Amino acid sequence: MTADRIDTLVILGAGGDLTSRLLLPGLASYLASGRAHPIELVGADRSTETDDQWRSIVATAFGSNPSPASERVLKNTRYVRTDVTDPTALTALLASCRGRTALYFALPPAITELACRALSTLPLPPGLTLALEKPFGTDLDSARALNRLLETMLPEQQLFRVDHFLGKSTVLNLLGLRFANRIFEPLFSSPNIERVDIVFDETLGLENRAGYYDRAGALIDMIQSHLLLVLALATMEPPASLAEGDLRGAMAQVLRATHADTAASRRARYTAGRIGDRELPAYAEEPGVDPARNTETLAEVTLAIDNWRWAGVPFRLRSGKGLGVARQDILVVFKEVPHLPTGLTGAPGPSCLRISMKPATLDLDLVLNGEGDPFTLERTALRARLRDGQLSAYGEVLGGLREGDPSLSVGGDVAEECWRIVTPILEAWRANEVPLEAYPAGSEGVAASASRAGSEDQP
Ligand code: NDP
């Protein structure tokens with residue numbers, strides 16, 4: 001892959017939240033990993049920052065993970081003031097870059113689309129690679145249009161649709177767990193599985209991100225972008241290899257078979273409340289929020305996968321902000337055994353497998369003979385702590401980008417499928433066919449099925 005290596009990484013949107021909070025620390029983790037090769041870093045944004053101000057942003061972000069490689073990058077980095085929607089400014093920016101260049105769009109999705117349109121009018125340097133952040137497009141039509149535009153500009157191998165969940169080591173653990181163990185994969189099918197929950201609940205509220213979040217909401221921000229990819233990894237057929245074509249193909253295939261039950265969807269937003277020692281104002285009163293947009297901070301959808309393996313199994317995806325407990329996991333609930341030998345008593349419920357992202361653990365809840373009376377069944381958990389990957393999720397993403405390996409980026413068809421799956425729900429919500437519920441910040445979220453998600457996994 002040497003020929004595909006990136007020499008210069010240009011971050012468009014250098015002054016933004018993603019850049020300082022996730023991208024630059026991710027780059028530091030990649031640079032410290034020992035697998036990094038020299039790279040030049042350029043920051044571009046429309047503000048009036050100077051080289052020194054940019055270098056101080058980079059220095060702060062690299063601070064907790066210093067390495068000789070990051071020192072070199074810091075010493076040589078530069079800032080270029082650029083309106084990324086202006087073809088003349090982009091031409092000058094590209095002309096100033098050395099060797100094979102990657103443009104990382106750390107920009108709001110609508111600006112990314114405009115920047116791509118501006119780029120499409122220019123002669124592009126050989127080997128130019130584009131890394132596009134999630135959400136890819138702002139709806140199904142815009143994602144399709146963006147894909148068609150990008151196809152006219154560059155080959156697919158030079159397009160990285162970033163979703164950092166694919167770089168999370170616990171998410172990637174699904175591949176090893178499913179495809180390197182005979183004990184799980186044969187059971188991953190409708191005769192054996194009752195239901196699957198994929199939950200990403202946060203205790204954080206809006207965190208001053210109204211500009212982006214109030215136009216996205218939990219369904220687009222988390223379910224459309226991230227959780228559907230987790231679903232795809234958890235349910236796809238075994239790929240022959242993890243090479244880009246095999247992995248993306250297997251993910252696209254299962255997503256094509258996936259459909260939402262719009263009537264079973266739920267949306268809600270938090271009212272004022274307390275989380276630990278923090279008081280959270282109501283979402284509708286957060287600065288920058290337009291309450292009339294009815295943006296949800298909690299979304300829950302139930303999906304069906306219409307294929308031989310999964311027909312009849314409900315997949316419940318849920319994500320919420322401002323909740324009392326952070327829960328980020330995949331819960332697989334197995335079916336009860338067809339017959340319990342007469343003489344065994346107790347009803348502890350079925351076996352469950354839980355893969356948690358935070359803390360990174362794997363729990364297998366088995367039904368075993370109890371401690372006292374050996375004929376009374378109890379649940380017993382086998383727990384493994386999963387080791388963190390060497391790189392942060394963004395470190396993996398940037399490593400793949402730097403090394404020209406698009407395995408962990410999202411295929412164009414996968415990005416469109418994710419939008420296709422949520423579109424009927426978005427339309428039903430916009431038409432007010434599903435009520436917008438309320439939950440106090442710090443609570444478990446909305447009642448019934450949502451509270452089941454927050455419970456101690458008793459299915
Ligand atoms: P921000 O709004 O914080 O940053 C965007 C940056 O782009 C700002 O510095 C902004 O400058 C700049 N910008 C906007 N328009 C232009 C333009 N025409 N020319 C040059 N620069 C411009 O957004 P985020 O960093 O939060 O998000 C960026 C992307 O990353 C989004 O797609 C988001 O979905 C994604 N993402 C963000 C995450 C996060 O935690 N922040 C997590 C995962 C993904 P100005 O301030 O002047 O507007």
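Analyst: Let's start with a polar contact: a pair of N or O atoms within 3.5 Å; inside protein, one atom must be able to donate a hydrogen and the other to accept it, and residues adjacent in sequence count only if both atoms are side-chain atoms. Before we use it, note that this is a predicted model: local features need pLDDT of at least 70, side-chain atom pairs count only at pLDDT 80 or more, and totals for chains, interfaces and linings use all residues. Residues are numbered from 1 along each chain as its sequence is written, and side-chain values use heavy atoms, with hydrogens and water left out.

User: OK, how far is a polar side-chain atom of Arg209 from a nitrogen atom of the ligand?

Analyst: That distance is 3.4 Å. Asp45 has a side-chain N or O atom 2.8 Å from an oxygen atom of the ligand. Leu107 uses its backbone instead: an N or O atom there sits 2.9 Å from a ligand oxygen. As for cover, the protein hides 81% of the 900 Å² of accessible area that the ligand has on its own (Shrake-Rupley method, 1.4 Å probe; for residues, only the protein chains shown count as cover).

User: Which residues come nearest to the ligand?

Analyst: A residue is near a molecule or strand if one of its heavy atoms lies within 4 Å of it. Here 24 residues surround the ligand, and Asp17, Leu18, Arg21, Arg46 and Lys134 come nearest.

User: And how does that shell split by class?

Analyst: Ala, Val, Leu, Ile, Met, Phe, Trp, Tyr, Cys and Pro count as nonpolar, Asp, Glu, Lys and Arg as charged, and the others, Gly among them, as polar. The shell has 11 nonpolar, eight charged and five polar residues. For elements, helices (H or I, at least four residues) and strands (E, at least two) are DSSP runs, numbered from the N terminus. Helix 1 (17-31) gives the largest share of the shell, four residues, and both helix 1 and helix 5 (109-120) supply at least two.

User: Back to Lys134: is its side chain buried or exposed?

Analyst: Buried means under 20% relative accessible area, exposed over 50%, and partly exposed in between (1.4 Å probe, protein chains only). Lys134 counts as buried because its relative accessibility is 18%. This lysine lies in the loop between strand 5 and helix 6 (140-153), and its side chain makes a polar contact with that of Asp221 at 2.8 Å.

User: What about the nonpolar core: which residues have the most contacts inside the largest one?

Analyst: A nonpolar core is a set of buried Ala, Val, Leu, Ile, Met, Phe, Trp, Tyr and Cys residues joined through side-chain atoms within 4.5 Å. The largest has 108 residues, and Phe105, Leu130, Leu317 and Leu353 have the most contacts inside it. Helix 8 (residues 210-235) provides its largest share, 16 residues. Another core, of 32 residues, lies apart from it, with Ala14, Leu23, Ala102 and Val162 among its members.

User: How many residues of helix 10 are buried?

Analyst: Nine of the 10 in helix 10 (residues 393-402), including Tyr394, Val397 and Arg402. They pack against strand 1 (8-12), helix 1, strand 4 (101-105), strand 5 (129-132) and strand 6 (159-161). Just after that helix, Gly404 takes a positive phi of about 70 degrees.

User: What does Asp4 touch, not counting residues up to four places away in sequence?

Analyst: Contact means heavy atoms within 4.5 Å. Asp4 touches Arg100, Arg402, Glu403 and Gly404 on that count. Asp4 lies in the segment before strand 1 and counts as partly exposed because its relative accessibility is 30%.
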